[in-house]
Amino acid sequence: MREPATATVAQLSGFDEVIDVRSEGEFAEDHVPGAINCPVLDNAERARVGTIYQQRSPFEARKIGAALASANIARHIHEHFLQRPREWRPLVYCWRGGERSGAFAQVLSRVGWEVSRLEGGYRTYRRAVIADLEQLPRAFRLRVVCGLTGTGKSLLLRALREAGGQVLDLEALAAHRGSVLGNLPDAPQPGQKMFDSLIWSALGKFDPARAVYVEAESKKIGVLRVPPAVIDTMWMSECVVLESPIEVRVGLLKREYRHFLEQPASLVAKLECLTPLHGHAVIEKWKDLITARQWDELTADLLVRHYDPAYTRAIDSHYPALARAAKLRLDRADDSAFAALARRCLDSEKSREPVSA
């Protein structure tokens, strides 16, 4: 019977399935994107075994741990893997590539599957992510999509992806729209390590011979930090500026932030955080507009007073190529308009010329 092989981080994409056998808590903090979680010991079991190890004896802990692990491995095989064909090639990893992944891989190997373990486990994977994120972003030619709040930058990225473009959507990976109102109502932000992993995974799928489109961002998106090499490369890259009249921007923002229109109390709480910047009189005016449900007036005033000045200051100071950027005009916010702008971007990419104004 063939023994489980070992594999490196560089070989991760060569397997049919990646199985993370750490506890659900470890998995939630960070994991290889696309991996499934099949804990050999869950959170409570891991804590129990650790306590016995410290307070009673390592031998007692190993006995109980072995019994729990055997039952869990059997359950995972029954629930997840009974329908896998003989040709299935899984990769298994734990924290250090030791006992937990070893036990799981041994059982899968005895079934007859060609299973491998990740050499060094999650710790080696995490070190590779950190090292790659210091160098990998510089391998790509980025095109940074700039534009005032509400001009449709995220929708242009989506249209670019749908048209076959390479897109690094940092806000989607961060589950945040990148402003004081940017929290998504139904999706908490991932942890920093998971955010790093998602960026690393996305970059690893791109072709360096083609441009990668990314929206202009600051150093932080919500509570998450954009890796320094990513943001540094963005700041030095070619820019494309998306412009829209204010009525189009207001319409887009009302659609994008509909949850605030449906739950105005949460919007009031967010805007109160801006009191030190704008003073009580302005905040009270915004509250009155919310009470009266004057959404168009409120949105336009937020853009003129808060978002546009803040965005202009940040973008001018960080993107030296902005002055040379081609401008794209969006006069209506329908799918066909975004698709047309995306085609212009991609056509210019093929010729390696700036986007035509």
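In what order do the five strands of the open sheet come, and what is the sense of their pairing? Keep that in mind as you open the model, which is a predicted one. The order is E1-E5-E4-E2-E3, and the pairing is parallel.

**The whole chain**

Start with everything shown as a cartoon. The protein chain has 357 residues, of which 49% count as buried. Its secondary structure comes to 15 helices and 12 strands. Align the view to the principal axes and the C-alpha atoms fill a box of roughly 70 × 50 × 35 Å. If you draw the contacts between residues at least 6 apart in sequence, 73% of them join residues at least 24 apart.

**The open sheet, from its edges inward**

Now select residues 5-7 and 36-37. These are strands E1 and E3, the edge strands of the sheet, and each pairs on one side only. In general, the strands of a sheet pair through backbone hydrogen bonds, in a parallel or an antiparallel sense.

Add residues 116-118, which make up strand E5; three bridges join E5 to E1 in the parallel sense. To see how the two line up, pick Thr 6, which stands opposite Arg 117 in E5.

Stay on Arg 117 and look to E4: Val 92 has Arg 117 as its bridge partner in E5. The pairing of E4 with E5 is parallel and rests on two bridges.

Next, show residues 90-93, strand E4, with side chains on. Pro 90 and Val 92 point one way, Leu 91 and Tyr 93 point the other way, and all are buried. Then bring in residues 17-20, strand E2, which runs parallel to E4 and is joined to E4 by four bridges. A good pair to label here is Glu 17 and its bridge partner in E4, Pro 90.

**Helix H2, one side and the other**

Select residues 43-55 for helix H2. A quick geometry check works well here: at 1.5 Å a residue, its 13 residues should span 18 Å, and the end C-alpha atoms are 18 Å apart, which agrees.

Which residues of H2 are buried? Colour Glu 45, Val 49 and Ile 52, and you have them. Turn the view to look down the axis of H2: the buried residues fall within an arc of 60°, so they line one face of the helix. Show residues 58-81 as well, since this is helix H3, and H3 is included in what covers those buried residues. Rotate to the face turned away from the buried side, and you meet the exposed residues Ala 44, Gln 54 and Gln 55.

Before leaving, zoom in on the start of H2. There a side-chain oxygen of Asp 42 reaches to within 3.1 Å of the backbone nitrogen of Ala 44.

**Thr 124 in H5**

Select residues 121-135, helix H5, and centre on Thr 124. Thr 124 is partly exposed, with a relative accessible area of 23%. Leaving aside residues up to four places away in sequence, Thr 124 touches Val 9 and Glu 119. Then draw a C-alpha to C-alpha distance to Gly 97: the two are 27 residues apart in sequence and 8.9 Å apart in space.

**The cysteines**

Why is there no bond from Cys 146 to Cys 239? Cys 239 has the cysteine sulfur closest to that of Cys 146, but the 3.9 Å between them is too far for a bond. Cys 146 is buried, with a relative accessible area of 1%. Move on to Cys 345, which is in no disulfide either; its nearest cysteine sulfur, that of Cys 146, is 12 Å away. Cys 345 is buried too, at a relative accessible area of 2%. The disulfide count comes to zero.

**Ser 348, a short step away in the list**

From Cys 345, select Ser 348, which is found in helix H15, residues 335-351. The side chain of Ser 348 reaches the backbone oxygen of Cys 345 at 2.7 Å. Is Ser 348 buried or exposed? With 8% relative accessibility, Ser 348 counts as buried.

**Last stop: Glu 247**

Finish at helix H10, residues 246-256, and pick Glu 247. At 57% relative accessibility, Glu 247 counts as exposed. Its C-alpha atom is separated by 8.1 Å from that of Ala 300, 53 residues apart along the chain.

Note on methods: Residues numbered from 1 in each chain as written. Predicted model: local features only at pLDDT ≥ 70, side-chain atom pairs only at ≥ 80, totals over all residues. Heavy atoms only, no water. Pairing = 2+ DSSP bridges. Buried < 20%, exposed > 50% of the residue type's maximum accessible area, 1.4 Å probe, protein only. Polar contact = N/O pair within 3.5 Å; in protein donor to acceptor, adjacent residues only side chain to side chain. Expected span 1.5 Å × (residues − 1). Arc of directions from axis to C-beta. Contact = heavy atoms within 4.5 Å. Disulfide = S-S within 2.5 Å.
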